[in-house]
Amino acid sequence: MTGSVLCTRADAVATVTLANPGKLNAIDLAMWQRLAEIIRELSDDGQLRCVILRGDGDQAFAAGGDIEEFLSRRDTLERAMAYHAQVGEALQAVFDCRLPTIALVQGACIGGGLEIAAQCDLRICAESSRFGAPIKQLGFSMYPGELAGLLRLAGSATVLELLLEGRILGAPEALAKGLATRVVADSEVVDEAYACARRICDGAPLVARWHKQWVRRLQNEVPLAEQELRASFAFLETDDYREGLSAFLGKRKPAFRGR
């Protein structure tokens, strides 16, 4: 039996669910492949404004990769390279998604699960959620393409702490170390994640995409060129900009259409 990646839509929000019953949503190769496909499809959907990624049930976001298949799927150098190329493709798809992404984290967020959550823009976490990557106990190192996302999110000190000690962090410590965006009561985490999505959806969708683009670009130390600075005013030509100003001046709620 393999796991699955499910996708549902409600209004302008898509929910992508990692599901592997009996294995705390551990991610197998087929799931990595499907995750990449789904996220790329959603990224190009002009009707959507936000994507929520979560695990099936409340026991785990995902408890890492499906270790059982390592014996056959990545038992040689060539197969290991192909396996982790697919993992990297899925993580890159989440990182490259043009829509704002939210990780709704309940329970275990370990290994590959933590790698996926790290690629999301926001991580809304339950108080009882747990974070880590204790792969030192399994005798293998984290693939560089997967390590990069964690390093970008939390920095070298936290990443080395996770990998060298193999500690599992509770939600409050994960928040303090930059792995979580927000921690709320277990009973409130689902509602808070979808409330967050609604707040995102209330804004101009083109602006959300531009903010993602500029945050990423400004992490590159190369100075902005004149052409890039001019491009930052592309909003001047949009209907949503005119609608936003009109709504503000008219003291009403704007109706953004993404154009």
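Biologist: Is lysine 23 buried, partly exposed or exposed?

Modeller: This is a predicted model. Lysine 23 has 25% relative accessibility, so it counts as partly exposed. The buried class ends at 20% and the exposed class starts over 50%.

Biologist: Which residue does lysine 23 meet in a salt bridge?

Modeller: Its partner is glutamate 68, at 3.4 Å from N to O. The two sit in distant parts of the chain, 45 residues apart. Lysine 23 is in the loop between strand S2 and H1. Glutamate 68 is in the loop between strand S4 and helix H2. With 58% relative accessibility, glutamate 68 counts as exposed.

Biologist: What does a salt bridge within one helix look like?

Modeller: An α-helix has 3.6 residues a turn, so residues three or four places apart point the same way. Here, arginine 34 and glutamate 37 both lie in helix H1, three residues apart. Their closest N and O atoms are 3.1 Å apart. Arginine 34 is partly exposed at 34%, and glutamate 37 is partly exposed at 36%.

Biologist: How many residues are in the largest nonpolar core?

Modeller: In soluble globular proteins, nonpolar side chains tend to be buried together. In this model the largest such core has 50 residues. Leu35, Leu53 and Phe61 have the most contacts inside it. Helix H1 gives the most to this core, with eight residues. A second, separate core has 14 residues, including Ala12 and Cys201.

Biologist: How many residues of helix H4 are buried?

Modeller: Eight of its eight residues are buried, so helix H4 is largely enclosed by the rest of the structure. Among them are Leu114, Glu115 and Ile116.

Technical notes: Residues numbered from 1 in each chain as written. Predicted model: local features only at pLDDT ≥ 70, side-chain atom pairs only at ≥ 80, totals over all residues. Heavy atoms only, no water. Buried < 20%, exposed > 50% of the residue type's maximum accessible area, 1.4 Å probe, protein only. Helix = DSSP H or I, 4+ residues; strand = E, 2+ residues; numbered from the N terminus. Core = buried A, V, L, I, M, F, W, Y, C linked by side-chain atoms within 4.5 Å. Salt bridge = Lys/Arg side-chain N within 4 Å of Asp/Glu carboxyl O.
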